[in-house]
Amino acid sequence: MSTEMSSAHGPRLRVGSLADAGMLTGPLDQRRERLGRARALGLDHVFVIDHISFYTGLGMDGLIQAATIAALEPELAIHIGIYLLALRHPVPVARQIASLCESAPGRLNFGVGIGGEDRHEIEICGVDPATRGRRTNESLVALRGLLSGEPASHDCEFFSFKEALIRPAPAPAVPIVIGGRSDAAIRRAALLGDGWLGVWCSPRRFGQVAGQIKSLSTERSLPQPEAWDHGLQIWVGIDDDPARGRARLAKEMEGMYHVPYERFERYSPFGRPAEIAEYLAPYIAAGCRHLNIMPVAASPEAALDGVAEIRERLVENR
């Protein structure tokens with residue numbers, strides 16, 4: 001699946017749902033059924049997150065999970081949002097991506113960020129949290145060279161290699177989107193990414209960042225993307241009863257982030273799919289081209305059905 005598919009309104013809007021535990025663990029028949037349901041409902045992709053040891057030890061390797069999904073479901077695209085690249089050496093990461101793309105060409109969208117909510121996660125990987133931004137920048141430059149299929153060399157304060165060769169190169173090339181809200185992350189997206197993956201921001205701010213990236217990209221040494229692939233990653237509470245949707249969403253998010261839901265409420269909608277689609281529509285108008293939706297609902301089936309209805313309403317209104 002190419003991320004370059006377009007319509008008269010510009011690049012095609014793609015909407016995906018979080019790959020939940022039922023897609024990634026348990027009996028294989030159940031996992032195939034759940035992923036097949038996502039495809040049959042018309043979702044464009046599923047997405048996975050990446051952590052090594054988040055707060056209580058929670059972890060999931062984004063590339064391994066992407067490979068699992070690619071093997072279980074032959075059509076859905078897979079987004080990683082976001083991969084903690086600074087915690088790995090870029091040469092083996094390039095090999096993992098190239099290997100995945102051999103079996104699932106054109107299906108991977110690679111999101112990269114620096115993390116930061118749990119500094120201990122970074123420290124236990126032997127990385128000084130204060131360097132993670134610079135490490136990520138260097139790793140992105142190195143990774144792009146490695147994924148070109150040509151001999152690549154890189155020498156920086158964090159790692160060094162000469163004439164590394166990773167073949168076959170992914171074809172088509174893997175889009176790299178950059179997550180983060182800081183000025184440094186926005187500049188990273190403009191100079192080293194194919195798009196930006198926003199989170200916890202208003203539609204107005206989303207549009208401002210898209211404009212900033214366009215302006216900053218004049219300093220870019222890499223070729224300009226044919227079309228910027230900006231996205232939004234967002235939690236939603238799906239329920240016909242908004243109060244029930246809010247309560248369920250608050251419980252899930254507080255368990256994940258260990259902070260009160262009120263900190264997120266402005267940017268984490270809840271209610272019926274139609275109401276959530278209405279909330280999201282201004283982001284599409286501001287330049288968002290893909291949505292990674294983290295749904296919380298009464299059941300996994302209700303979550304997927306809700307995301308599918310959100311997608312249908314947004315696509316119809318474009």
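**Figure 1. The whole chain at a glance: eleven helices and 15 strands.** Helices (H or I, at least four residues) and strands (E, at least two) are DSSP runs, numbered from the N terminus. Keep in mind that this is a predicted model: local features need pLDDT of at least 70, side-chain atom pairs count only at pLDDT 80 or more, and totals for chains, interfaces and linings use all residues. Residues are numbered from 1 along each chain as its sequence is written, and side-chain values use heavy atoms, with hydrogens and water left out. The C-alpha trace spans about 60 × 45 × 40 Å along its principal axes. A compact globule of 318 residues would have a radius of gyration near 20 Å, and the chain's 19 Å agrees with that. The radius is taken over C-alpha atoms, and the globule rule is 2.2 Å times the number of residues to the power 0.38.

**Figure 2. Surface, charge and contacts of the chain.** Of the 318 residues, 53% are buried. Here buried means under 20% relative accessible area, exposed means over 50%, and partly exposed is in between (1.4 Å probe, protein chains only). About 13,900 Å² is exposed, with carbon and sulfur atoms supplying 52% of it; the areas come from the Shrake-Rupley method with a 1.4 Å probe, and for residues only the protein chains shown count as cover. On the charge side, there are 35 positive and 39 negative side chains, and the centres of the two sets sit 3 Å apart. Lys and Arg count as positive and Asp and Glu as negative, while His and the chain ends are not counted. Each charge is placed at NZ of Lys, CZ of Arg, CG of Asp or CD of Glu. As for contacts (heavy atoms within 4.5 Å), take those between residues at least 6 apart in sequence: 70% of them join residues at least 24 apart.

**Figure 3. Strand β4 (residues 45–48), covered on both faces.** In a regular strand the side chains alternate between the two faces of the sheet. In β4, His45 and Phe47 are on one side and Val46 and Val48 on the other, and all are buried. Two strands pair if DSSP finds at least two bridges between them. Strand β3 (residues 14–18) runs parallel to β4 with three bridges, and Gly16 has His45 as its bridge partner. Strand β7 (residues 77–83) also pairs with β4 in the parallel sense, over four bridges. There, Ala77 of β7 stands opposite His45.

**Figure 4. Strand β12 (residues 195–198) and its partner β11.** Both faces are covered here too: Gly195 and Leu197 on one side, Trp196 and Gly198 on the other, all buried. Strand β11 (residues 176–179) runs parallel to β12 and is joined to β12 by three bridges. One pair to pick out is Ile178 with its bridge partner Trp196 in β12.

**Figure 5. Helix α7 (residues 183–192), largely enclosed by the rest of the structure.** Seven of its ten residues are buried: Ala185, Ile186, Arg188, Ala189, Ala190, Leu191 and Leu192. So what covers them? The cover includes α6 (132–146), β11, β12 and α8 (203–216).

**Figure 6. Backbone oddities: two cis bonds and two positive phi values.** Most residues other than glycine have a negative phi, and most peptide bonds are trans. The Gly81 to Ile82 bond is cis, with omega near 0 degrees, and Ile82 belongs to strand β7. The bond from Arg167 to Pro168 is cis as well, with omega near -5 degrees; Pro168 is in the loop between β10 (160–164) and β11. Glu163 has a positive phi of about 50 degrees although it is not a glycine. Glu163 lies in strand β10 and counts as exposed at 57% relative accessibility. His258, likewise not a glycine, has a positive phi of about 60 degrees. You'll find His258 in the loop between α9 (242–257) and β14 (270–271), partly exposed at 46% relative accessibility.

**Figure 7. Around Ala70 in helix α3 (residues 62–72).** Is Ala70 buried or exposed? At 11% relative accessibility, Ala70 counts as buried. Leaving out residues up to four places away in sequence, Ala70 touches Ile78, Leu100, Ala104 and Arg107. Ala303 is 233 residues away along the chain, and the C-alpha atoms of Ala70 and Ala303 are separated by 21 Å.
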